[in-house]
Amino acid sequence: MLRRAGPSLRHFLLERKSGAGYSSYSREAKMSRPVQAQRLEGIDKNIWVEFVKLAATYSTVNLGQGFPDFPPPDFLKEAFMRALSEENYMLHQYTRAFGHPLLVKILAQFFGKLLGRDLDPMTNVMVTVGAYQALFCCFQAFVDEGNEVIIIEPFFDCYEPMVKMAGGTPVFVPLRPKPPKDGKLASSADWQLDPAELASKFSKRTKAIVLNSPNNPLGKVFSRGELELIADLCVKHDILCISDEVYEWLVYDGKEHIRIASLQGMWDRTVTIGSAGKTFSATGWKVGWSVGPNRLLQHLRTVHQNSVYHCATVAQEAVAQGFQRELELYGKPESYFVQLPKELQRKRDWLVQSLDAVGMKPIVPEGTYFLVADISEFKSDVPDVPDSDEPYDSRFAKWMIKNKGLAAIPLSAFYCGAHKNNYNHFIRFCFAK
């Protein structure tokens, strides 16, 4: 039997630890140099952390966060259970890093049909950990230090920090509300871009524009004319379009969702982002995707493979089966993509009536889960605080959570710092409940 030479490792470590100098140094030595990367400065705060905590503490009805409180459709849950129980043990292991083969194949077929072109599942589709990661991949892949990215306000709140983390500079252009016609409730269609103002934001430094239609938080569905305006500017200035279309199936009142990648000159410069969470009411599954030309997606794949690398195999398998069903039922009454917006439109209309009855002024959304309401009439109940750094809608939303047990999100959270107080008399409700 081999014998160990010299003192044991345990004896050596104990001897080191017993030394007074060693023990004192190990207890007191702390890092003095800054540890935070500069790109994180100013983006550490997050509206959701604060309001989720408030809602959990005080709220009995949470219409703040954007997720349903009802289950996914039975056919999707059954697909998930089949994937878990099948003898194919490989569904519990890694699959293809850029998307489970079955899922990218059906996504290519489905969106190829919608876009009117043949898509290669291996090069024109990439699966991500939700649409959130798809957005992150886009900004990291395309934006360099000094690049400008145009963001339309109000915007989903992650766009600004993601652009900054990539080294870019956000440039904001607002949708401006027009007064509704006499006797009618305002609509999200009343919020429009000023063509001259939008055109003025494009420069030699512009790398991309972020489009979100249907728009969160407003619920606006951009019209063909509005999309053609954006497309013409993209082509003229030779810039990219990052098109966040996660609410593509949640469109109401006979409105049409138009995919900007289908417009002339836009396929080659557009990454279209989708979400199974919003599509199938399964936000916790975190399955998203990007669709676009290989010349763009190849760079997203580089970011993806060096960050999360891989998405949950079983969830991808179930989503693939869900899309297979929807492809077969496309446009038919039994389709979930037909049924879900009808159900949500009823919920929207009920909330519109309820808010109108209590004195709020709802802006009727054309799409999404969300409804924005004007709270100006409540300033006598919840007075403004002059010279406060906190926007009025934020204070009102906190008051409503604490005193009325109802959670919503201030619209100012969806604006840049310079514009927050211009739109501080609105709050956003989620009606997918």
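1. Helix 3 and helix 14 are roughly parallel to each other (angles under 35 degrees count as such). Helix 3 covers residues 47–58 and helix 14 residues 392–404; their axes come within 9 Å and cross at roughly 25°. Axes are lines fitted to C-alpha atoms, for helices over the stretch in contact, and angles run from 0 to 180 degrees between N-to-C directions. Helices (H or I, at least four residues) and strands (E, at least two) are DSSP runs, numbered from the N terminus.

2. A word on the model. It is predicted: local features need pLDDT of at least 70, side-chain atom pairs count only at pLDDT 80 or more, and totals for chains, interfaces and linings use all residues. Residues are numbered from 1 along each chain as its sequence is written, and side-chain values use heavy atoms, with hydrogens and water left out.

3. Which residues join the two helices? E50, F51, L54, A55 and Y58 in helix 3 meet S394, A397, K398, I401 and K402 in helix 14. Contact means heavy atoms within 4.5 Å.

4. Now the sheet. It is open, with 7 strands in the order 2-11-10-9-8-3-4 and mixed pairing. Two strands pair if DSSP finds at least two bridges between them. Strand 2 (125–128) and strand 4 are the edge strands, and each pairs on one side only. From one strand to the next, the twist averages 20°.

5. Look at strand 3 (residues 148–153). It runs parallel to strand 4, joined by 6 bridges, and I150 stands opposite V171 in strand 4. Strand 3 also pairs with strand 8 (residues 206–212) in the parallel sense, over 4 bridges. There, E148 stands opposite T206.

6. Is strand 4 (residues 169–174) largely enclosed or largely open? In strand 4, 5 of the 6 residues are buried, so the strand is largely enclosed by the rest of the structure. Buried means under 20% relative accessible area, with a 1.4 Å probe and protein chains only.

7. Two helices lie across the strands. Helix 9 (residues 224–237) crosses strand 3, strand 8 and strand 9 (240–244), running at about 165° to strand 8. Helix 11 (residues 294–305) lies across strand 2, strand 9, strand 10 (270–275) and strand 11 (288–291), at about 25° to strand 2.

8. How many disulfides are there? The count comes to 0 disulfides, where a disulfide is a pair of cysteine sulfur atoms within 2.5 Å. For C234, the nearest cysteine sulfur, that of C241, is 5.1 Å away. C234 counts as buried because its relative accessibility is 0%.

Note on methods: Parallel < 35°, antiparallel > 145°, perpendicular 65-115°, else oblique. Buried < 20%, exposed > 50% of the residue type's maximum accessible area, 1.4 Å probe, protein only.
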